[in-house]
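Q: I would like a close look at one part of the structure shown here. Please put that part in the setting of the whole chain afterwards.
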Amino acid sequence: MVIHYKCLNCGDDMAFDSESGMLTCQSCGRQDQIEDFSEDLKTSVLSEDEAKEYHCENCGAALITEAETAATTCGFCGAGVVLQERLSGVLAPAKVIPFTISKEEAMQAFKKWCRNGRLTPKGFMTADRIKGITGMYVPFWLYDLKTKAKVEAVGTKVRKYTRGDYEYTETKFFDVYRDIDLSYIKVPVDASEKMDDKIMDKLEPFPYDQLKDFKTPYLAGYIAEKYNYDDKVLYPRVESKIKNFIESYIRSTISGYSSVSYNHKHINTKKVRSYYVLLPVWMVYYDYDKTEHTFAMNGQTGKVVGKPPISFQKVAAWFGGIAATSFITLKVVALIMGGGLW
């Protein structure tokens with residue numbers, strides 16, 4: 001089923017407006033509260049896991065979509081469409097964070113980010129080669145986790161002192177035990193096969209206090225994907241994601257020792273719950289030096305992530321400046337001390 005949202009006043013297409021947070025008609029200005037829409041996607045039938053043809057109810061054009069596409073725009077009339085069966089059953093998101101940054105604001109924010117690149121080529125900093133910008137809802141799983149850690153270690157305290165003509169070193173050994181309970185809520189892991197995991201991780205944090213109950217009108221006018229990986233498949237990733245935090249916390253509880261040697265460390269993490277959400281991301285495609293560069297922007301905070309091209313001339317000048325500054329500093333110190341570097 002293809003869902004179009006039509007204006008009840010003029011019949012034109014409606015789309016989600018990031019500024020007002022409402023479903024808005026660009027023709028007559030009518031706005032509808034999304035929370036007022038009554039939709040039950042939980043009992044619908046699941047869709048096929050293959051490309052499928054849909055028909056735009058606006059102009060009749062055939063829409064060929066990939067299996068992951070859950071919302072898109074018609075390439076002929078530009079109408080925003082939502083593919084309901086790809087957001088149903090186990091594929092129905094529990095929550096969504098709507099866009100608050102419009103396309104125009106995203107363009108301006110990206111251009112400002114380009115101009116701040118101290119080591120990027122001048123041609124890139126002009127930000128005049130943007131090939132395209134797409135608002136996309138990316139599928140994520142959020143995990144609530146509980147961790148129990150039992151630690152046995154030996155801590156040493158070393159003291160050095162002098163008596164008479166002798167210097168002594170005193171070493172004391174202490175048995176250290178820790179029984180730790182940790183809780184983590186809303187740990188995100190992206191569930192899209194197409195998205196670069198490292199880029200998605202760097203886009204964090206998203207403002208999870210802005211999570212709203214999922215309604216399909218939030219997707220109108222944007223592209224959305226359904227998840228490729230379920231929460232069970234991604235669970236090892238979320239465990240590895242919090243591993244460093246757990247280790248860091250354990251270390252923070254054992255302080256005041258000269259050294260610590262661990263005899264036993266047992267860490268057990270369990271999932272309390274997980275839920276499927278859609279998070280807003282602007283994808284920016286930029287042509288420079290015959291190469292397309294892809295950047296991602298957090299659709300709520302405006303944070304930009306990606307690898308811009310580097311100007312080797314600027315890098316050389318930057319390191320040269322550091323070397324020159326260091327040399328001058330050493331020369332001044334030497335002169336003050338009565339010496340010289342020549």
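In which strand is the place of Tyr168?

A: Tyr168 sits in strand β11, residues 166-190. Residues are numbered from 1 along each chain as its sequence is written. This is a predicted model, so local features need pLDDT of at least 70 and side-chain atom pairs count only at pLDDT 80 or more, while totals for chains, interfaces and linings use all residues; side-chain values use heavy atoms, with hydrogens and water left out.

Strands here are DSSP runs of E with at least two residues; helices are runs of H or I with at least four, and both are numbered from the N terminus. Tyr168 counts as partly exposed because its relative accessibility is 36%. Buried means under 20% relative accessible area, exposed over 50%, and partly exposed in between, with a 1.4 Å probe and protein chains only. Leaving aside residues up to four places away in sequence, Tyr168 touches Arg159, Lys160, Tyr161 and Arg163. A contact means heavy atoms within 4.5 Å.

Strand β11 also helps build the interior. At least two residues of the largest nonpolar core come from β11. Such a core is a set of buried Ala, Val, Leu, Ile, Met, Phe, Trp, Tyr and Cys residues joined through side-chain atoms within 4.5 Å. This one has 51 residues, and Phe110, Tyr137, Tyr143, Leu145 and Trp282 have the most contacts inside it. Other suppliers of at least two residues each include α1 (103-115), α4 (231-253) and β14 (259-288). Strand β10 gives the largest share, eight residues. A second, separate core has 18 residues, among them Ile97, Phe140, Leu142 and Leu211.

Now the whole chain. It has five helices and 16 strands. Of its 342 residues, 41% are buried. Among contacts with a separation of 6 or more, 71% join residues 24 or more positions apart. The accessible surface comes to about 19,300 Å², and carbon and sulfur atoms hold 52% of it. Accessible areas come from the Shrake-Rupley method with a 1.4 Å probe; for residues, only the protein chains shown count as cover.
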